Amino acid sequence: MIEKKMPENWQARWIDPELPHDKDARQPASVLRRRFSLPLEGKVSPVRKLVTDEVQLAILYITCHGLYEARLNGQRVGDFVLAPGTGDYLKRLPVQAYDVSALLQTGENEITVTLGDGWYRGGVGIDGLHNFYGEDIALLCQLEIGGKPILGSDEHWEASQQGPTRENDLQQGERYDARMEEISDWHGVTVRDFGYEKLAPTESVPIVEQERFEGKLLQTPNGETVIDFGQNLAGYTELRVTAKAGQHLTLWHGETLDENGNFTQKNFDPGERNKNGIAQKLEYICKDGENVFKPRFTIFGFRYAKIETDADLTGAQFTAVAVYSKMRQTGFFECGNADVNRLFLNSLWSMRSNFCDIPTDCPTRERAGWTGDAGAFAPTAVYLMDCYPVLRKWLGECRLAQGEDGLVQNIAPVNNSGSMISNMLQGSAGWGDACVLVPWALYEAYGDKTILEENYDMMSRWMGYCEKRAQKTRPHNLINPYHKYLVDEGFHFGEWCQPDVDNGAAMKKCMMFGAPEVATAYYFRSASLMAQIAQVLGKTEDASRYVELSANIKKAYRHACTKKGEIRSDRQCEYVRPIAFGLLDGEEIQKAADTLNDLVVRNGYHLNTGFLSTPDLCRVLAENGHTDTAYRLLLQTDCPGWLYAVRKGATTIWETWDGVRADGTVHDSLNHYSYGAISGWLFGGVCGISLQAGKLTVKPCPDPSLGYARARWESPVGTIESAWEYRGNKLLFDITVPIPAAVTLPDGRSYTIEKGAHHDEVLL
């Protein structure tokens with residue numbers, strides 16, 4: 001795929017392949033085709049022939065309403081799965097460009113395009129809505145050779161709904177009849193006037209097939225035949241079976257087995273919000289002989305597949321294919337504890353499963369681009385994979401979804417019902433602030449201020465929204481002399497998903513009484529970062545204004561949430577947040593950290609932080625003299641604790657700490673990346689690698705409980721390695737850096753090292 005390229009002049013027309021039908025009924029996938037001839041000699045050559053010393057490339061530009069898979073002379077065009085990708089199609093529709101020179105031939109050629117429903121009109125989001133962007137599907141494509149259009153979608157194309165893909169939906173699955181692969185029933189298409197003004201060239205990476213896992217058949221206690229692929233992932237199943245025409249295979253995909261060892265999908269049942277449920281089903285009707293099939297217009301979140309069939313499965317093969325954005329793994333970690341190593345892999349797999357064109361919360365129930373999830377995980381994501389293009393694209397969706405008043409939606413692209421209630425429940429602190437947190441995380445890792453420039457207007461408008469919201473204060477907070485800088489109005493999730501707190505009750509409390517601690521802290525955090533961002537971009541007046549604003553917010557927070565800098569709470573999050581964000585001063589920081597440590601110890605070395613503050617918990621403890629407690633939290637095998645899920649056989653990060661309870665019952669998503677943010681501490685804390693806009697520091701934080709640890713980050717400035725190991729009465733350090741770095745060791749020594757490999761030792 002060729003990025004950032006689109007025709008200078010569209011001569012192609014939008015074409016609708018469907019005949020008039022009941023728009024509420026699900027339609028088969030449409031197949032479109034066009035036959036055309038190309039000469040060998042002449043103005044252009046479709047086979048990379050040298051003409052006046054230049055290679056004349058053949059480029060296919062294509063997009064659609066729905067999803068497309070294009071083929072030239074029977075060969076697939078590109079490897080983009082679920083093209084053209086997701087987004088707010090009403091405001092921006094991406095166009096892909098493919099070099100198809102090698103697929104064309106002299107003489108007769110044929111292009112075919114199959115269209116599925118996808119995000120455009122298939123089931124999407126929390127509510128499983130259909131026809132979110134429109135009721136039609138349509139194709140727009142243009143073939144150019146040497147920059148000159150030679151073919152485009154127009155009234156001369158043919159279409160059919162008699163192809164093999166009989167049903168398709170991103171959430172529900174596909175139904176495919178292999179007996180219908182030879183199509184003979186074709187009809188004309190309808191030219192539609194959808195315009196070109198919303199088209200934009202693709203600037204991100206494609207979604208592609210990645211790792212593959214061979215399945216193993218097992219029989220469950222209730223007699224079901226189930227395939228175990230050994231890894232929870234997002235993708236689909238490829239099947240290979242020899243069968244007779246008309247025999248059926250139906251595969252239902254799920255993340256886990258229930259407490260009795262039987263197949264289940266209950267843990268991601270959407271309930272009343274999506275009355276259609278989420279089937280994650282493939283239904284395949286065989287042709288005679290060998291059948292090889294994988295879907296084209298759906299993906300699932302799964303480790304297991306229940307199979308129902310009347311075919312003989314002797315010799316059958318089932319392979320799970322992971323599907324996610326084309327990102328290179330950049331972070332590698334290993335230590336002396338096998339459970340922690342698995343925890344790291346689980347974080348990586350939940351990222352892979354949920355970075356599908358945009359970062360989503362889970363690959364099953366919602367598949368929504370929650371801002372809070374991305375904001376919490378972005379500092380970790382930049383270690384694990386080269387995710388800049390995916391997060392950059394998603395920030396573009398945040399900009400498109402932003403309200404005229406500056407409000408940043410909780411989900412981007414928006415995919416809810418748009419009801420009055422759903423519109424009211426927007427702009428939560430910690431969620432909307434992702435519009436500042438994510439660009440900053442990318443800037444620190446990649447050192448490119450372009451990401452700040454692209455999003456500065458969005459960030460500024462969000463801050464303006466927050467400033468206006470802070471002007472409204474509940475009566476009981478009017479005594480605060482800085483109440484105009486206190487955020488206690490508006491909708492907020494608060495410290496979401498605390499392990500011993502009912503989410504629903506907590507949200508109602510926030511709505512009734514406000515969430516001044518969480519909301520004001522994030523108001524301060526974003527204002528503080530905006531001061532730095534404005535300075536980086538040379539906006540000195542803005543920088544000064546945000547410095548003053550953040551100072552006043554800090555005063556409002558301290559007056560409302562502390563007593564002269566002293567925190568009085570039994571919740572760990574209310575200590576983590578002010579320490580992490582810089583809302584405390586001097587000796588207050590250590591006192592708060594000591595109290596936080598006491599709370600953790602009294603809680604049996606279990607955390608009770610929620611969604612927002614858990615990523616900072618271990619770091620805050622370790623940086624303030626409580627390394628032992630940080631490690632005991634990391635190694636906690638009881639619930640709530642990161643290794644509880646590992647001991648339960650998890651291969652991804654769960655949405656809740658007890659996704660599989662002690663009695664084996666399952667609930668909620670088993671593939672959410674948010675709590676995998678602990679892997680950021682493995683790099684930035686345990687091995688001490690920190691890159692801040694090109695300034696590299698290495699400050700390892702070792703502990704005997706791991707024995708050894710080593711991290712490798714193939715960072716934007718080069719490969720950084722940091723390793724330590726306890727050996728006898730020595731603590732050994734090996735550090736390799738691509739640029740000069742400031743090193744601090746546990747014995748207090750600090751020094752600068754140049755590019756290359758370095759060894760040091762500390763006597764114990």
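Helix axes here are lines fitted to C-alpha atoms over the stretch in contact, and the angle between two of them runs from 0 to 180 degrees between N-to-C directions. With that in hand, welcome to a tour of this predicted model. We will look at two helix pairs, then at the cysteines, and finish with some backbone details.

**Two helix pairs that share α7**

Let us begin with α7, which spans residues 450–470, and with α10, which covers residues 540–561. Their axes come within 13 Å and cross at roughly 35°. The crossing of α7 past α10 is left-handed. Which residues of the two helices meet? On the α7 side they are Y456, S460, M463 and E467, and on the α10 side D542, R545, Y546 and L549. Sorted by class, this contact holds four nonpolar, one polar and three charged residues.

Helix α7 also has α6, residues 434–446, as a partner. Here the axes come within 9 Å, with a crossing of roughly 160°. How are the two helices oriented to each other? Angles over 145 degrees count as roughly antiparallel, so α6 is roughly antiparallel to α7. This crossing, too, is left-handed.

The α6 residues in the contact are C435, V436, P439, W440, L442 and Y443. From α7 come I451, L452, N455, M458, M459 and W462. By class, 11 of the residues in this contact are nonpolar and one is polar, while no charged residue takes part.

**Cysteines without a partner**

One of the α6 contact residues, C435, leads to the next topic. A disulfide is a covalent bond between the sulfur atoms of two cysteines. How many disulfides does a search of the whole structure find? The count is zero. For C435, the nearest cysteine sulfur belongs to C398 and is 7.5 Å away. A pair would have to lie within 2.5 Å to count as a disulfide.

Why does C497 have no bond to C362? The sulfur of C362 is the closest cysteine sulfur to that of C497, but at 12 Å it is too far for a bond.

Are these two cysteines, C435 and C497, buried or exposed? C435 has a relative accessible area of 2% and is buried. C497 is buried as well, with a value of 11%.

**Backbone details in the loops**

Most residues other than glycine have a negative phi, and most peptide bonds are trans. The table gathers some departures from that pattern.

| Site | Feature | Angle |
|---|---|---|
| A412 to P413 | cis peptide bond | omega near -5° |
| C639 to P640 | cis peptide bond | omega about 0° |
| Y605 | positive phi, not glycine | phi near 60° |
| A693 | positive phi, not glycine | phi about 50° |

Where do these sites sit? P413 is in the loop between α4 (388–401) and α5 (420–424). Another loop, between α14 (627–634) and α15 (642–647), holds P640.

As for the residues with a positive phi, Y605 belongs to the loop between α12 (587–602) and α13 (614–623). A693 is in a loop between strands, with β31 (689–692) on one side and β32 (695–698) on the other.

What is the accessibility of Y605 and of A693? Buried means under 20% relative accessible area, so Y605, at 16%, is buried. A693 has a relative accessibility of 32% and therefore counts as partly exposed.

Notes
Residues are numbered from 1 along each chain as its sequence is written. This is a predicted model: local features need pLDDT of at least 70, side-chain atom pairs count only at pLDDT 80 or more; totals for chains, interfaces and linings use all residues. Side-chain values use heavy atoms; hydrogens and water are left out. Buried means under 20% relative accessible area, exposed over 50%, partly exposed in between (1.4 Å probe, protein chains only). Helices (H or I, at least four residues) and strands (E, at least two) are DSSP runs, numbered from the N terminus. Angles under 35 degrees count as roughly parallel, over 145 as roughly antiparallel, 65 to 115 as roughly perpendicular and the rest as oblique. A crossing is left-handed if the near helix is turned anticlockwise from the far one by less than a right angle, and right-handed if clockwise. Contact means heavy atoms within 4.5 Å. Ala, Val, Leu, Ile, Met, Phe, Trp, Tyr, Cys and Pro count as nonpolar, Asp, Glu, Lys and Arg as charged, and the others, Gly among them, as polar.
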